[in-house]
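Colleague: Could you take me through the salt bridges in this one, slowly? I'm in my first year, so plain words please.

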Amino acid sequence: MNSMTPVATASNPAAPEVKPLGCTNLKLRQLTRRVTQHYDQHLALAGLRITQYSLLAHVDKLGPLAPGELARRMDMGASTLTRNLRPLVAAGWVEMGEGADARSRLIRITDTGREVRRLAQRQWKAAQLALNQKLGPATVVALHTLLDQGLAAFHAEPAEEH
């Protein structure tokens, strides 16, 4: 099924306008589920899910950092971050410690977490290469470009209304 249909416009009847068909959210969720399953199958060999691997990788690269900053950098809500961090803390892969003052907290990766991430990185790489093969490198590059453009549009400051 084609997700776009050309439609001529009044301003330029010779150059058809492309109009998306269907629900963009549904299509994104369908693709996201499939891609998540793909990565999870590979990362299961390391005992992780893609959400856990992503968190470990971000904390390793960016940490120690405040939970709010990690949520912002990963573009997720605070409650989702807290829920996803629980199993990593329970496994001893990350820890929540005191921040600059008694009210602030910092998330840091442990040595064990760093080792788990290092081992899982091989599986992540295999998943990425397999995805590139399945979709084709040009499609993956185009997909990344479109996703970055979409995220940027949602992060852009709304114009002031007068």
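Modeller: Let's start in helix α3 (residues 67-74), where you'll find both Glu-69 and Arg-72, 3 residues apart, or about one turn of the helix. Keep in mind that this is a predicted model. These two side chains form a salt bridge, with 2.7 Å between the closest N and O atoms. That counts because the cut-off is 4 Å. As for how open they are to the outside, Glu-69 has a relative accessible area of 28%, so it's partly exposed. Arg-72 comes out at 54%, and because exposed means over 50%, it gets that label.

Now hop over to Arg-114, which pairs with Asp-60, their closest N and O atoms sitting 3.0 Å apart. This pair ties together distant parts of the chain: Arg-114 belongs to helix α5 (residues 111-135) and Asp-60 to helix α2 (residues 50-62), with 54 residues separating them. Arg-114 is partly exposed, at 37% relative accessibility. The pair also belongs to a wider group, since Asp-60, Asp-111, Arg-114 and Arg-117 are joined in a network of salt bridges.

One more pair to look at: Asp-40 and Arg-49 meet through their side chains in a salt bridge, 3.3 Å from N to O. Asp-40 has just 14% relative accessibility, and because buried means under 20%, that's what we call it. Its partner Arg-49 is partly exposed, with a relative accessible area of 49%.

If you tally up the salt bridges, you get 7.

Definitions and conventions. Residues numbered from 1 in each chain as written. Predicted model: local features only at pLDDT ≥ 70, side-chain atom pairs only at ≥ 80, totals over all residues. Heavy atoms only, no water. Buried < 20%, exposed > 50% of the residue type's maximum accessible area, 1.4 Å probe, protein only. Helix = DSSP H or I, 4+ residues; strand = E, 2+ residues; numbered from the N terminus.
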